[in-house]
Structures are given as structure tokens and as C-alpha cells.
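Thanks for making room for this in the meeting. Please have the sequence and the model open while I talk, and stop me wherever something is unclear.

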Amino acid sequence: MLSKEDNELLTRVGPATLMGSLLRRYWQPVLYSDELPERDGSPVRVRLLGEDLIAFRDTGGKVGLVSLHCPHRGASLFYGRNEGHGLRCVYHGWKFDVEGRCVDMPNETGDGSDTQRTRKIGYPCREFGGAIWAYMGPGDPPDIPELEWAQLPASHKFTTKRFHECNWAQGLEGDLDSSHVGLLHSNLNKDVPSFSAGWRPGGSYDTVGHHRSPRVETQETAFGLWVAARRPSKDGFYYWRATALVFPFYAIIPPSGDSPLHINIWQPMDDEHTLVWSIEYHGGRPLTEEERARLGSGRYAHYGAVDILPPNSEPGGRWRSKANRANDFLIDREMQRTTNFTGLRGFWCQDRAVVESMGPISDRTREHLGPSDLGVARFRRLILHAARALKDGGKLPPGLHPNSQRVRAVAALVSENASWVEAINALSIARPGEWIPAP
Ligand code: FES
Ligand SMILES: [Fe+2]
């Protein structure tokens, strides 16, 4: 449970808010590179942290991210002409380069000095790891992030997004709550666990479905927080699954067997909408065709081809699904009675239905948290503390340094007498090319 004040602090992400100020200290993933493929191609609407923006790739291949509304009289630059190293407003022709500088005012008679007096409307962008990133904070940006998924070639990953009609934090909290997996994502037939894309009979992940009340422990780290769930295993060992919450909004989900890792990036569009980057990646090898087919089936964390609506030009308009809040996520009550626990098709749909059902911003003053919610409670405490410490004393939050970002989530069998933190830390260093399959 949170006070009303803390709930507001946690969930409001606009420019003048405490959480918005914390989030702006990090590079923001803006688009996958292939969402903005062509030089001088169509600009793309983006909504990030409550700000309406437009992304474009200029004649030289550089990417700009500028405010959607032209600083002259506010026309939308979505209609702009992307030409000759800049984006030109179609109302009176003002033109902006990738830095957001006004470089031409063809409707004015002056000597050109007016262009220099116009405020800059862009954020610095970089392109790496198959994605476009922007820095929306004060001062110099931090070093380029070194998250493992962004270090790997396209052959090693499977990338989609999901549009969520609710606040970012309540979605992310689902990733820090291992106990829901054996219920929300389960099958009614216990002999056919359906809860893992990487599931194999007899693997340790079987215990997730059979032991539904894990013991949860947490550990603060340089990247943010470990949230670890312990379940019984063979004699003398526990089965630990440790999710890495890399500040501010990256949740890395542990693997099972040789399956890829999964990362969810809970990118806030504004207070009530989230674009979740959903990425499967293997640090040791390319994904197989069979894995790609399974991940793209719509049954797991990613939309399938049949689940997705025709794209539109709104922010995140490529990533909206047919099943959504307005149609009760197409719940099938017969399926709920007979085969799966929810009657909702696909893990993504199950997760979305429950977190969006809390409302656009969950009212955390009314909750009743239990021991299984320890990871959720610690995340809130840590990020609220970090936001206040940044405001009060300028103390930088965790997860800003690339060294801290080179981390993998871990599943492991750990002796009952050993420290899970030591065991997990030893296995968690991300070295692309080196890979130890999980149990
Ligand atoms: S509103 Fe854009 S140039 Fe006038
Ligand atoms: Fe889930």
C-alpha cells in the first residue's frame, strides 16, 4: 500500500514531476531503427514521458527527435516535408535540422538572424543496438547504455512492442511478482504447464506451476534491484529465479533451460499509456526458426500476426492489438471453464487484461500486499527514494553506469546452505558469446 502522495509521485512522468525528472536522467529508447527506415522518409509520431514529439531520418541518415508542434504557430510537424537535411513545416515553411535548430524561415523577409533566435526544439539522439535513443534530461547525457540485448546482432533477438492503456509502474510491477506466473499463465491441466515459451518436461521450470507460493527475497544492487523467488527443488537445493530490475524501467526475466532471456522495457508514453518493448534475446547463439515461430505465435509474451490491428500513425500505432480493454480482451468463458485459467489467449493478453483492469493509474492506497509482493514493495521504496534524493541533493540514481547494465537475469539451483545472492551474482555478468544454460 502507498499513500496518495507516494502513488502520485510514482506514477506522474511529465517534465515538471519528480519521477519525470528521474526518468529523464537516462537515455530513452524511442523507436526500433526499422520503424524509421528511410532517409527523407515519413516522420513518425512519438509520445514519451508526456511529451508529443516527431522523429525523422534526414537526408544524411541522421535521426532527429523534435517537438511535434512547430514553434512558429503550433502546426503539427507530422505533416512536414522531410527534405534537404531537415523537416519543413508545411504551414509557413519553417525548417528544422536533426538538432532541432531552425535553419530556414521562407515566409519572413529578414536577413536570417530570426532563425537563430528561435528556441531549439530537439533532443539529442543516438542510434545503436537496432534502436534510436534520446536524452531528454538536463546537462550532458550519461554514457551510452550497454544492456546486453542492444549489444547483440539481429540474428540473436526477437523484437516487438505492446501498447498498454495504463501507467508504466503497474505493468512493471507484474514482472517483479513471480507468484502470478503459476496462476495467471497456467493451464487447468497441471500435466501440461503452458506457462513458458521455453518449457520442457522435467525441467526445473516445472516447479513454477506446481509450487505456487514462492518465497520472495530482494537485494539492492548497482543496477537497481534483484527480485528472487525461491521454490523447492531436489534434495539439498532450492530453485531460484532472479529477475533483474535495471533502473529505471528494464525488467529482465530469467530463462529456463537454453531458452532466450526476455526483457520488458516499460517505456512511459504518458501517465496513462505505456509502450512496452518486448525483446527475447540469447547471449550465446542466434535464435532458431522454431523459436521465432513459437515466439511469434501470439501464445507467449509477443503479439502474433493475427492479434495486431492495422497500423495507424498515432504514437505506438503499429503496436495495438485486436484484443483490448474495449472488448474485454476477447475473454472466452468456455476456455476459462475447460482449458486455461483465464480464458484469455496469450501471456501478453493475460498480463495486459489484469494490469489494465486496475484502472489507468492503480489506486495503491487500497491494496493489501502480502509476502509474495515483496519485490513490488521494494521497487516502490527504492525508486521513490531515488526520485527524492535526486531532487533534494542531486544524488544520481542507480543503473546509469554501463558497467552496472551488463547483467543477465538468472535461474539456478542453489544449495540450501549457500547464499542465493552470491550464486546469482556469479552467473549474472552479461558477456555476449558466453552462455551457460539454466536448469
Ligand atoms: S506554424 Fe509552422 S511555419 Fe508557421
Ligand atoms: Fe505475467
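I will go through the metal site, then a helix that takes part in it, then a helix pair, and finally some backbone details.

A word on conventions: this is a predicted model, in which local features need pLDDT of at least 70, side-chain atom pairs count only at pLDDT 80 or more, and totals for chains, interfaces and linings use all residues. Residues are numbered from 1 along each chain as its sequence is written, chains are lettered from A and ligands numbered from 1 in the order in which they are written, and side-chain values use heavy atoms, with hydrogens and water left out.

Let me begin with the iron ion (ligand 2), which is coordinated at 2.1 to 2.6 Å by NE2 of H180, NE2 of H185 and, listed twice, OD of D351. A donor here is an N, O or S atom within 2.8 Å of the metal (3.2 Å for Na, K and Ca), and since water is not among the atoms, sites may look incomplete. The four donor atoms subtend angles of 53 to 154° around the iron ion, which makes the arrangement irregular. For four donors, tetrahedral would need all angles between 85 and 135 degrees, and square planar (like octahedral for six) would need opposite donors over 155 degrees apart and all others between 65 and 115; anything else is irregular.

Along the sequence the donor residues follow the spacing H-x4-H-x165-D. H185 lies in the loop between α5 (181-184) and α6 (206-210), whereas D351 sits in helix α9 (residues 347-357), so the pair ties together parts that are 166 residues apart in sequence. Helices (H or I, at least four residues) and strands (E, at least two) are DSSP runs, numbered from the N terminus. H185 is buried, at a relative accessible area of 5%, while D351, at 26%, is partly exposed; buried means under 20% relative accessible area, exposed over 50%, and partly exposed in between, with a 1.4 Å probe and protein chains only.

How many of the residues in α9 are buried? Eight of its 11 are, and the helix is mostly covered; W348, C349 and R352 are among the buried ones. The cover includes β12 (157-164), α4 (168-175) and α5. Just after α9, G359 takes a positive phi of about 105°.

Now to the helix pair, α1 (residues 4-11) and α10 (residues 374-393), which pack at an angle of about 75° with their axes 10 Å apart. Axes are lines fitted to C-alpha atoms, for helices over the stretch in contact, and angles run from 0 to 180 degrees between N-to-C directions. The two helices are therefore roughly perpendicular, the class for 65 to 115 degrees, with under 35 counted as roughly parallel, over 145 as roughly antiparallel and the rest as oblique. In this contact, meaning heavy atoms within 4.5 Å, E5, D6, L9 and L10 of α1 meet residues of α10 including F379, R380 and I383.

Lastly, the backbone. Most residues other than glycine have a negative phi, and most peptide bonds are trans. D40, in the loop between β1 (27-32) and β2 (44-48), has a positive phi of about 55° although it is not a glycine, and D40 is partly exposed at 31% relative accessibility. D328 also has a positive phi of about 55°, but D328 is exposed, at 54%. The peptide bond from F247 to P248 is cis, with omega near 0°.
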